[in-house]
Each structure stands twice: as structure tokens, then as C-alpha cells.
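Q: Could you take a close look at the cysteines here, and at what surrounds them? I'd like the disulfide chemistry, then the strands and charged pairs that go with it.

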Amino acid sequence: MKKHFLFFAVIGLFLLNNSCKKALKNVDDYLPKVSIVSTEIQNDGRVLVTGHIDSKGYSAVEYAGFCCGTNSEPNILSRQMIANIDGSKFTALYENFDVDSTYFFRCWATNDQGYKYGNEISLGQIIAPPVTPACTLPMNKLDDGAGWGTKNYYSVYAPTNSWQYWEFSANPQSGNSLNFKFGSAITTGIYTTENDYNPSSGKVFVYFGQFSLESGTKVYVNTIGADTFDITVCNAPWKFSATTTLTLNTRFQCPL
């Protein structure tokens, strides 16, 4: 008798609990509702996208995130970013943009009923805020401090990606070419020279002939177009001999 009573009591509680969940009027009401609050270009050129969970729908939100593309209404798998949810807020950082393209950011969220998109925001001309060099130099000129005066460049090659390094050469009218090897993708920012042929992220190895710039010099990079950069190096020391240190100044457009 007690077993039967317990069985019917459990069934009764189950029916009572489920009877409290009323059917919703619209199918969309079962799904979460989210919206993009902001898209902010960071100092390093990445974009911080912030979303908000406006409603969880019929059940708890399992995942929330963003998708991104160069066409309006990107699908959920297009450059998908699954975000960390902090209360009702969720964020993600996007990087690697073509400055000449417009990008569309769209948010989404899922619960056990399915997934639903939120609104969309577009951004064009995604470039980090410009950096200001410590010196003002004429464009496409080089003075290596060796006493030969200012030289013009006759060619500057476009950067090439080799493994995790980005490299290019700037060739003056005479003397050795100036070679740059970056340890991370080139974008607007201030890089620091490192006297190592395999520079780390955020660093750059600058060499010409048998010489190289000493560690600790700042290289200023400003993006001026798709894969086109304005690069300045101010008063950069390099050792001509064990007892002689010279300074290099240059500014050029890459590619020329």
C-alpha cells in the first residue's frame, strides 16, 4: 500500500511541476533573445564585440556568441566565436581584418529548444588608432648614419608570411637593403627590435648586410591600406664596430 502511495505521489508531483510551465504563444518565445551592445576597435586593431542576453527563453542559455563575415547576415559557423557568459553579458575579440572590407557582426544564443540570431552591426575601415612616431622624417628616405647622407628607396617589397614570421626588404639607391622580420602579423602598432633572427610576437628583427639594429628600438607601424603600411624608425642604434655605434633613421611606405 505504501509503495503504491509513494508511486502516485511522485507522479502527482511530476504532473504538478510540469503543469506550472505554461505553453508559450509563439515558437520564438521558446528561444533565447540576444543583442549586440557594442563593437569597439582596440588599440591593437582587434574588435571587441559585446552582447547581452535579453531573455533566456523557455530554458537556460547553453551557449552564446558571435559570427562575422563580409556579407550581411553571416551564418552561425562563419568565423564563429563562442563567448564566455558573465551574467547577461558575453564578449569576444576578433582580429585579422582587411582594411578595405566591411565586416558584419551578428550575435546568437542557444538553449535546449534551439538557437536564434540577434541583431547585426557592420564596421568598415577597421584600423587601430594611429601611432605617433618619436620623430618626423620625410617619406621614403634612409639615413643609416654611416656618413653617406640621405638615400632614396627604389623599391620596398610587400610583406610575405613565412610560418609565423612576416618579412620584407626595403632597398635604397646604394648600400645594403634594410630587412624587417616581424614575429607577429603586421598591423598598426609599436614594435620593439630584438637582436634575434627569430623574433618573438610583438618584436621585429631589423638587419642590413652583416649589421642589425640593437634590441630595444621602437619601430612605428601605421596601416594606410590593405597590406600597405607607413613605417618609421627613429635614432636606432647599431654597432658599426666594437667601439663605434651609429644611428639609423628611416621612413617609408611598404610596399613602395
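A: What follows starts with the cysteines and works outward to strands and charged pairs.

Keep in mind that this is a predicted model. Searching the whole structure turns up 1 disulfide. The partners are Cys-135 and Cys-234, with an S to S distance of 1.9 Å. The torsion about their S-S bond is about -80°, so this disulfide is left-handed. As for where the two ends sit, Cys-135 is in the loop between strand 8 (114-124) and strand 9 (141-143), while Cys-234 belongs to strand 18 (residues 228-239), so the bond ties together parts that are 99 residues apart in sequence. Both Cys-135 and Cys-234 are buried.

Now for a cysteine outside that bond. Cys-68 is in no disulfide, and its nearest cysteine sulfur, on Cys-67, is 8.1 Å away. Cys-68 is buried too, at a relative accessible area of 1%. Then there's Cys-107: the closest cysteine sulfur to its own is again in Cys-67, 8.2 Å off, which is too far for a bond. With 0% relative accessibility, Cys-107 counts as buried.

The strands give these residues a setting. Strand 3 (residues 63-69) runs antiparallel to strand 7 (residues 102-111), and the two pair over 7 bridges. Within that pairing, Cys-68 stands opposite Phe-105 in strand 7. Zooming out, 4 strands make up an open sheet in the order 4-3-7-8, with antiparallel pairing. The edges are strand 4 (81-82) and strand 8, each with a single partner strand, so one side of each has no neighbour in the sheet. Strand 8 also brings us back to the disulfide, since the loop holding Cys-135 lies between strand 8 and strand 9.

Strand 18 is worth a second look as well, because Cys-234 and a charged residue, Asp-230, both lie in it. Asp-230 forms a salt bridge with Arg-251, their closest N and O atoms being 2.6 Å apart. Arg-251 is in strand 19 (residues 245-254), so this contact ties together parts that are 21 residues apart in sequence. On the accessibility side, Asp-230 counts as buried at 11%, whereas Arg-251 counts as partly exposed at 25%.

The structure has 3 salt bridges in total. Another of them pairs Lys-151 with Asp-144, with the closest N and O atoms 3.5 Å apart, and here both residues are buried. The pair of Asp-29 and Lys-33 comes in at 3.4 Å between the closest N and O atoms. Asp-29 is partly exposed at 27% relative accessibility, and Lys-33 is partly exposed as well, with a relative accessible area of 31%.

Lys-33 leads to one more stretch of strands, since strand 1 covers residues 33-41. Strand 1 pairs with strand 2 (residues 47-55) in the antiparallel sense, over 8 bridges. In that pairing Ser-38 stands opposite Thr-50. The hairpin they form has 5 residues between the strands, and Gly-45 takes a positive phi near 90° there. Strand 2 also pairs with strand 6 (residues 89-94), antiparallel once more, over 6 bridges. There, His-52 has Lys-89 as its bridge partner in strand 6.

Conventions. Residues are numbered from 1 along each chain as its sequence is written. This is a predicted model: local features need pLDDT of at least 70, side-chain atom pairs count only at pLDDT 80 or more; totals for chains, interfaces and linings use all residues. Side-chain values use heavy atoms; hydrogens and water are left out. A disulfide is a pair of cysteine sulfur atoms within 2.5 Å. Buried means under 20% relative accessible area, exposed over 50%, partly exposed in between (1.4 Å probe, protein chains only). A salt bridge is a side-chain nitrogen of Lys or Arg within 4 Å of a carboxyl oxygen of Asp or Glu. Two strands pair if DSSP finds at least two bridges between them.
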